Every structure is written in C-alpha cells, then in structure tokens.
Amino acid sequence: MRRLMLFKMAFTSISSNKIRTFLTMLGIIIGISSVITLVGLGEGTKKQVQEQIESLGTNLITVNITSRRTKGLSDEDIELIKTKPGIKNVAPLLNQNGIIVKSGTKTYSTTVEASTPEYFGIRKLDVESGRSLEKDDIESRGTVAVIGQDIVTELFPLQNPIGQSINIQGVDFTIVGVLKSQGSSAGGSGDDRVIIPITTAKRLFKTDEVRTIYIEGTSREDTQLARGYLELYFNSRFKGDTSQYRVFDQTSLLETATKTTESMTLMLMGIAAISLLVGGIGIMNIMLVAVIERTREIGIRKALGAKRRDIMIQFLIESSTVSLMGGVLGVILGYILANFLKSILSMSVYISFNVVLFAVVFSIFVGIFFGMYPASRASKLNPIDALRYE
C-alpha cells in the first residue's frame, strides 16, 4: 500500500470526526500554549533582568559595610581604595530613606542620596536638564540638589524645577539638575531620589560614616582583579571577619539572576508539561476507541493484502497529525496569550524560534509515543477475528 494512500486515509478518518478530533487535540493545545506562554514570560523576565543589571555597568563593584558594630569608611579609607589596581573611580554613598522634602506647601517622602560627582558616571545616571554635582559643590559643602522625575511630578508639576528650592530637614537646597527617567525595577522606582553633596549630607545627617561605596573598574576584564584587591584590603581591615563586609560585582549578580530565572523557567515548563502528558493520554484513549470502532475495516484491509506495518503506520500518522495540529494551534494560542499578559501586566515577553520549534516537534513526539500502543494493537489484529467483529 502506497504511503500517499495511507496519509489520505488517515486524514479522511480525522476529518470524519471533527468534534472528537478537536476534543482530543484540546489537551495538546492547552499544554503547548502553556509552555509557550510560561517560557516566553520566563525568558522575557530573564532578558529584562539582564538588561537592567548590564545597564548599571559590567565593571561595577559595590562594597557594603554590613556590621553596625564596626565603624564605617573614612575619607582616608576611600582615598586608599582609589590606589588599588584595576580601579578607575570610587564614589562613597550616604543613603537616607523616608526623608520629607518640602516645596512651599507641598511635601513628599523620598530617598536622599549623598555622594560625589563620580557617582553619576559610575551608576550611569544621566541628567536631562541642568547639571550634575561638581567638585566645587563637594569642597564648599554646597546646598544644591539633583532630583529624579518623581520629585518633579509631585512637587513641580507643569513647572521648570531648575533654580527652585526644596527644603530637607530645615535646610534649603537649590535644584541644579533633573535626572533622566530610570524607570522601575524590583528594587523600586529609580526616579524617586534626591542627590546632594556628601560633605553637606554628613553635616545635615550628623554622621561621617560611609557604609556603601561604588567602584568602577578600569575595564570589564580588570573587575575581578580589582575585586580581589578589595577583598584582601577588607580582610586585613576586619581581621578576616568576612561577616562585617560584602564585596560583589555586577558579573556575579548577573550570573545569580540568570540562574534564578532559568530555574524558574524550567519549573514553569515542568508544570506545563503535565498538561502535555494529559493530552497524550487523551490521544491514546481516543486511538484505542478508534481501533475498536474500525476493527472490521482493519480486517478487510488485511484480507486485501495490507501488511501489519501499513496498519501501524496509518494509525501513527493519525495520532501524530492530531498532535501536530494541536501543537500548531497551541503555539498560536500561547503567542496570543503571552502578548495579552504582556499588555495587561506590563511584563516582558520573549518567544524565540527555538522554543516554537521545540514545542511543535515535542507535540509530534507526544502523538507518536502515545499512538504507538493503539497502532501496535491495531496491526496485530487477526484478519478472521476482525472480519467477524460486530
């Protein structure tokens, strides 16, 4: 029996039971669409996290003094750190959350960050209007501030904030710059900040202890070298007690975030695969029913010379075709659903060609695997017994 005739007979059988065929495909459609949607969301999240981390600079190193039992970093410590190999720039940071900022009768609770001019370059903070902090602001303990877009929206709607004043803990600061929008991330809004000179902040907040510094390596390749020297320095300073400080770079953070999102994606794929398993069992059950319904037909074909292999191939073609059709519809539905969630939840979605190809090929595999037993059972029917079957 020719292969073309086998395909024709398989498609005739599928099309003659449209409702049953669709119900059989439903499990595959749900399974494949779940895989496409969840993997798309997982990959999109991974890319978004990678882009956010890489936007901060792959040669960024952060040092935190975590223990409150020890004194923070002095100006002398920071100057000494600047001399370490592989280090290009250093920016100390004083950070105060929940600070009330006033402008006239309006008030707003925000984060006040105090640093040096190098902070803007190291943290990739661009100024949209005005200027950033300058060396003179640090040396003169200037009462100047650079604000984020959230501050503009809350305190200066429909106004140009440059040159206007804000009051921080009883001290008036002149706005000299407005940052470009940074957007939001898992850590919160990047636009909810006021940046002032660190020398002014030490007097304002009555502290001279710096517990966070940002360091820019001379290059991506030198980042690990710089980190090694920093760890040696802090090990010596804290007598080997690594619990008192933390040194980490963006490469390590990127690797950790990537592994986390990949694990999440694999877990979601595993959940979606359960639907495919259910769909495969549904195909097997329907094909077993089809074998019973077409017992006489199988007997006639075998009596006319059809070989066992021909019967088996016909039923495998039917099961794999049903599964393939379900896979294609599942890909389409998954793509639509993923983009719907993207627009509703403002989530990042990335569906690669490899994922689509894998989903389609896997759906065919499911059809062949779960159609194997019914096809084998049909091919083993005795022609005489099959012709007697009512």
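What is the handedness of the crossing of α3 and α8? The crossing is right-handed, a label given when the near helix is turned clockwise from the far one by less than a right angle, whereas an anticlockwise turn would make it left-handed. The model described here is predicted, so local features need pLDDT of at least 70 and side-chain atom pairs count only at pLDDT 80 or more, while totals for chains, interfaces and linings use all residues. Residues are numbered from 1 along each chain as its sequence is written, and side-chain values use heavy atoms, with hydrogens and water left out.

Two packed helices are described by the angle between their axes and the distance between the axes. For helix α3 (residues 75-82) and α8, the axes come within 11 Å and cross at roughly 145 degrees. Here the axes are lines fitted to C-alpha atoms over the stretch in contact, with angles running from 0 to 180 degrees between N-to-C directions. Helices (H or I, at least four residues) and strands (E, at least two) are DSSP runs, numbered from the N terminus. On the α3 side, the contact (heavy atoms within 4.5 Å) involves D77, L80 and I81, and these meet L230, Y233, F234 and R237 of α8. By class, five of the contact residues are nonpolar and two are charged, with no polar ones.

Beyond helix α8 (223-237) comes a loop that leads to β12 (245-249), and S243 is found in this loop. The side chain of S243 makes a polar contact with that of D241 at 2.5 Å; such a contact is a pair of N or O atoms within 3.5 Å, one able to donate a hydrogen and the other to accept it. S243 and T66 are 177 residues apart along the chain, yet their C-alpha atoms are separated by 7.4 Å.

Turning to charged pairs, the structure holds nine salt bridges, each a side-chain nitrogen of Lys or Arg within 4 Å of a carboxyl oxygen of Asp or Glu. One of them joins R131 to E134, with the closest N and O atoms 3.9 Å apart. R131, E134 and D137 are linked in a network of salt bridges. R131 counts as partly exposed because its relative accessibility is 26%, in the range between buried (under 20%) and exposed (over 50%), judged with a 1.4 Å probe on protein chains only. E134 is also partly exposed, at 38%.

Another salt bridge pairs E139 with K135. Both residues lie in helix α5 (residues 135-139), four residues apart, about one turn of the helix, and both are exposed.

Technical notes
Nonpolar A, V, L, I, M, F, W, Y, C, P; charged D, E, K, R; others polar.
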